[in-house]
Amino acid sequence: MLRVLQPRGTAFVAGKESLKIFERSPHQSDNLASIDLGGSNWSKFSKPPLEGAGNWSHWEHGPDNNPVSEDTIIKAPYLTQFLAQPYYIAMPSITTAAGGRTFLAIGHIAHHRREWNMMNKIIARNGYNGTTLWERKLPEGYLVHRSAFIATEKSFYMTDGDRALVLDPQTGDQQSVIRLPGVAGDWKWMVMKGDVLYVLAGNKDPGVQSMKGDRSFGGWSWADLSEGYYARPRVPWGMGHTLAAYDLTKEELIWIYNAEKPIDARGLSMGDDRISVYSPDLHFRALDLKTGEVLWTNSEEDVLGLVEQPGQGLTSTPGFRTACLVLFTPDALIIQGQTRNNVVALSTKSGSLLWTKTKITNNPNAIYLDGNVILGIGKGGIHVAVNPVSGEVVKELNFKKRACTRLTASSDSLFVRGEGTLRFDRETERVIIDGAARPACNDGALPANGMLYLGPWQCDCNLSLIGRLARCSAGDFRFDHTAIEKERLQVAENDIAADVTVIDRDWPTYRADNDRSSSTIVNIHRQVQLRWQHFSSSGEIPAPSTAAGDLVFTAAEDGQVRALNSKNGKVAWIYQTAGPIRYSPTIDNGRVYVGSGDGRAYCLDAKTGQELWRFRAAPVERHLMIYGKMSSTWPVNSGVLVNDGVAYFAAGIIDSDGTYVYAVDAVSGEIVWQNNSSGHLNPEIRKGVSVQGNLTLAGNRLLLAGGNQVSPAPFRVDTGECLAKPMAQGQPKANNGRFAGRFVGKFDLVGGRILFSAPENVSTKGSFQLRSPKHGNLTLNFGGIPPAWNAETVALVNFQHGKLTCLDAAKVTARLEKEFAPDDAVLDRRRRFALSQAFQADGSVKWSTDLGESDKFEVVSLVVAPNGVVAVVRQQQKARAQSQWYVVALNKNNGNLIWRHELRQTPLPDGLMVDRSGQVVVTMVNGNLICFGGTI
């Protein structure tokens, strides 16, 4: 209980003996009290705040614009603390943090439809479990990328026109409003130092223009940013004419400074006893913090010209021109703007020019650390330590960042974007890259509250985890736990009530078979009609359904496994696990196998749902919030593959936390083999195999969709030995998709959407890669939807809005055998186009269709049958205002439509199945099932 209780949290425990629990606590005794509630004795215990946990009170950490944390708790190595939605956000964005909470302000630019509902809002979270405390909509036209928010333990401040709102950080309720007497205009900038609030006010800005993009594939373009970001000569926002200091305790104005020319809010920076002021048309200036009096002025035209000189030949992205310009250090103001050519240093004491350097990249934000300025201005843009007074390069740090993601620092590390998260160890000066996730575009990696926060962001980079990721220090946690049956295996006394026999006409596992072919030997009916519907009571996201005998099996993120009567859809039984289920139940030998987010694999009686055994795959009982669901740190998210009497499954989220792969006797649950080291193929950087999707078989190899380091990750079927080699660094090396299969029975296939993402999101830069252990890789097709195949037919779709394409399987196989021949002259591995285009050229394509007359066409599920192809599609006909979902059957020889039925709900991608009687079952995102049946 004490471990689970978060800092600042309170626990109430009944009974006199409960006091003894807390008396043994290492925490302070004054946090313990005995209370009487209705005649019962209770203990109340409040866990104190973490000592050494730092705040990130302003957009750049503090008023000095130096993104270096004072948090002394968060240190490498790390463990996952929580993962939270939203998966994707609009841009730009800013996070502040204090008092065990985080506050994410999200901007006005969305490049994909998936981000539309995330525009212009604030999300406040519990900083230790990721749960949302409150949300607040921002006014249209609000610019978040500036110093507009201040987070403290007791209040959250935000600018709002000509005032500041003071909100309760726990509830979001308004506590008060601050207006400054004698200060006219909208607030463009504010910071807090001690009990004094400093504000820049000016004429009302035109406001940012919201942009709702509808890009149908991943990534985004700088050319699409809203009007004003790259306007010349300067951005149209953040210019003010009045700077003021206000005593929050006395509620009175301390001083007012009225500028001759507009002040650029990006140039305000504060430290020690002064504040820098930048009027682009006039001067740099320093004011006394206590009086507002001018301390010095530099109005040299050469200096102003150096600051504003447009960038020429700079590398990397242009970045967000709303980023701050000035870093305050005790001896020098370090000035550099996005898309500007130079870094300029002025004396903090006198304002005189100290040095200037030409930038290499558009966005080498500076930090002040250990008496030096760290800047990406070395050869090729590497970071160097620079003496702030002389400009001399003291040391080369031998790392650089990608794009505009901010450079930040903690007590033991520097962080940038790698690809992934690049960590520079300050003690050993070693560079370590973790490609699992990357820092958010504007925030960077953010150390605060004793945690390290990453994301969320907007892109579709080749990473495994998205959304808001929090990590805590792993300390001395042991990863090499060996499973012992008496500790892990629980066997029930239940016997199998009645055998559910699996035949070759059934659909007993994810995508029908262990090759994951999504094919059936059952012919598609010539006519079908709605037979039944099953309505989910929870509405939780399901896994694709499976079927055997006269039962249909489904599972979902509510942790329930359900068996339905295949003739009428009525519930036959329900079994509840303690965590979300992300992969389909597997049926074999009268038993149902399922992996749960609670860290266990389960074996149930297929006829009754009674538990036969459960096996804890997680090394220890450690639970956390994963996208709003309580889950083990090591969920069984691989599903369970059963073959020749052995059940295989894998537990874990990401490699750095450890990965645990098992083979157990399918009947008894007894351990055949285990692998507890594949997550740390390189133990020093803790990188290796992740559990990021399903399992498949390839001869004597067990393959796991293993994340962006090793995928498919190969294990020996007989011993569990991981056949992948250690990596020197952790940047992405493999396709991060959740799917692994054995394409046409001969080639490893991996790719598709990532495991942790919204089911509706097929707008990714994902692809499906054919992999040969000896001869390299080839791209089969692009997008998020796996192909389907049998001995005669291959069905696939290329890109989100590509046509449904049917290929001759024999010709496809022949082509691939040539491509993977040892003769490298046959295969040009540098080419970027998918093999689907090559199939068109050599006559492998039988037909392709978008059902005709479509403005937009999208395929999300495919099944291949002997006489046809079944697909779930979205079509927007030119005569209609909106798109419609359909399940369709097409002739395998010519693509002619056999039948079509509208679906009035959103279908689950890959959620299509055909049972032994030829019934077509479609799984919906909300957990509902719709069954169509008929006669041949």
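Two residues are in contact here when heavy atoms of theirs lie within 4.5 Å of each other. The model on screen is predicted, and this tour goes from the whole chain to a few selections.

**Whole protein**

Start with everything shown. The secondary structure comes to five helices and 70 strands. Along the principal axes, the C-alpha trace spans about 90 × 75 × 50 Å. The radius of gyration is 30 Å, which agrees with the value near 30 Å that a compact globule of 936 residues would have. Of those 936 residues, 64% count as buried. Take the contacts between residues at least 6 apart in sequence: 57% of them join residues at least 24 apart.

**His383**

Select His383, in the loop between β27 (372–375) and β28 (384–386). Is this residue buried or exposed? His383 has a relative accessible area of 1%, so it counts as buried, the limit being under 20%. Now show what His383 touches, leaving aside neighbours within four places in sequence. The contacts include Ile374, Leu375 and Gly376. Also among them are Glu396, Leu397, Asn398, Phe399, Lys400 and Lys401. Leu407 and Val416 complete the list.

**Strand β46 and its partners**

Move to residues 611–616, which form strand β46. Five of the six residues in β46 are buried, leaving the strand mostly covered. Next select β37 (residues 489–491), which pairs with β46 in the antiparallel sense over three bridges. Here Val491 has Trp613 of β46 as its bridge partner.

Then add β45 (residues 600–605), which runs antiparallel to β46 and is joined to it by five bridges. Tyr602 stands opposite Arg614 of β46. β45 and β46 form a hairpin with five residues between the strands. Look at Gly609 in this hairpin: it takes a positive phi near 80°.

**An open sheet and a helix**

Select β60, β61, β62 and β63. These four strands form an open sheet in that order, with antiparallel pairing. Which strands stand at the edges? They are β60 (788–789) and β63 (845–849); each has a single partner strand, so one side of each is left without a neighbour in the sheet.

Inside the sheet, β61 (residues 793–797) and β62 (residues 804–808) pair in the antiparallel sense over five bridges. Ala795 stands opposite Cys806 in β62. Add helix α4 (residues 809–819), which packs on the sheet and touches β61 and β62. The direction of α4 makes about 75° with that of β62.

**Cysteines**

Keep Cys806 selected and add Cys722. Cys806 counts as buried because its relative accessibility is 0%. Cys722 also counts as buried, at 14% relative accessibility. How many disulfides does a search of the whole structure find? It finds zero.

**Nonpolar cores**

Finish with the largest nonpolar core, which has 62 residues. Select Leu465, Phe743, Leu749, Leu770, Val794 and Leu816, the residues with the most contacts inside this core. Zoom in on Leu816. Not counting residues up to four places away in sequence, Leu816 touches Phe743, Phe747, Leu770, Leu835 and Phe839. A second core, separate from this one, has 47 residues. Val860, Val863, Val869 and Val921 are among the residues of the second core.

Conventions
Residues are numbered from 1 along each chain as its sequence is written. This is a predicted model: local features need pLDDT of at least 70, side-chain atom pairs count only at pLDDT 80 or more; totals for chains, interfaces and linings use all residues. Side-chain values use heavy atoms; hydrogens and water are left out. Two strands pair if DSSP finds at least two bridges between them. Helices (H or I, at least four residues) and strands (E, at least two) are DSSP runs, numbered from the N terminus. Axes are lines fitted to C-alpha atoms, for helices over the stretch in contact, and angles run from 0 to 180 degrees between N-to-C directions. A disulfide is a pair of cysteine sulfur atoms within 2.5 Å. Buried means under 20% relative accessible area, exposed over 50%, partly exposed in between (1.4 Å probe, protein chains only). A nonpolar core is a set of buried Ala, Val, Leu, Ile, Met, Phe, Trp, Tyr and Cys residues joined through side-chain atoms within 4.5 Å. The radius of gyration is taken over C-alpha atoms; the globule rule is 2.2 Å times the number of residues to the power 0.38.
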